[in-house]
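Hello,

Here is the structure I promised to pass on to you. Please open it alongside this note, and then read on for what turned up in it.

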Amino acid sequence: MGNPWRGEVLIVIDGERHAARLTLGALAELEAAMEADSLLALVERFEGNRFSSRDVLALLAAGLRGGGAEIDRARLEHAQIEGGPMAAARAAAELLARAFTVQS
């Protein structure tokens, strides 16, 4: 499950478990890479189920780097993600949700 208080989401890539999280640096990287006017627009795309596979890849790549993994987007494009594309999309959506959840 990862540590939700840190915004972590666990994802298994090529048989290896990683804790992904969207740090401020990862969010800045994501903002630069996305074809969205803002991160809010990206959140709205996920909430409205209008996201693309590019959105999922960009989110996972940024989250994995934010969590300290040395996995770039090119490797991720060819990786085996446990649970397949639906699990990848769920993990990406969870990363966004946890990044913008206020913890007290």
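Let me start with one residue: L40 counts as exposed, because its relative accessibility is 56% and the cut-off for exposed is over 50%. Please keep in mind that this is a predicted model, so every value here is computed from the predicted coordinates.

As for where to look, you will find L40 in helix 2, which covers residues 39-47. If you want a distance to try in your viewer, take L40 and A88: their C-alpha atoms are 20 Å apart in space, with the two positions 48 residues apart in sequence numbering.

Now the overall picture. The protein has 5 helices and 2 strands, and their order from the N terminus is β-β-α-α-α-α-α. Along the principal axes, the C-alpha atoms fill a box of roughly 35 × 30 × 20 Å. The radius of gyration is 12 Å, which agrees with the value near 13 Å that a compact globule of 104 residues would have.

On the inside, buried residues account for 41% of the 104 residues. Of the contacts between residues at least 6 apart in sequence, 59% join residues at least 24 apart.

On the outside, the accessible surface comes to about 6100 Å², and carbon and sulfur atoms make up 52% of that. The protein carries 11 positive and 15 negative side chains, and the centres of these two sets lie 3 Å apart.

Happy to talk it through whenever suits you.

Best wishes

Terms used:
Residues numbered from 1 in each chain as written. Predicted model: local features only at pLDDT ≥ 70, side-chain atom pairs only at ≥ 80, totals over all residues. Heavy atoms only, no water. Helix = DSSP H or I, 4+ residues; strand = E, 2+ residues; numbered from the N terminus. Rg over C-alpha atoms; globule rule 2.2 N^0.38 Å. Buried < 20%, exposed > 50% of the residue type's maximum accessible area, 1.4 Å probe, protein only. Contact = heavy atoms within 4.5 Å. Areas by Shrake-Rupley, 256 points an atom, 1.4 Å probe, with all protein chains shown as cover. Lys, Arg positive; Asp, Glu negative; His and termini not counted. Charge placed at Lys NZ, Arg CZ, Asp CG, Glu CD.
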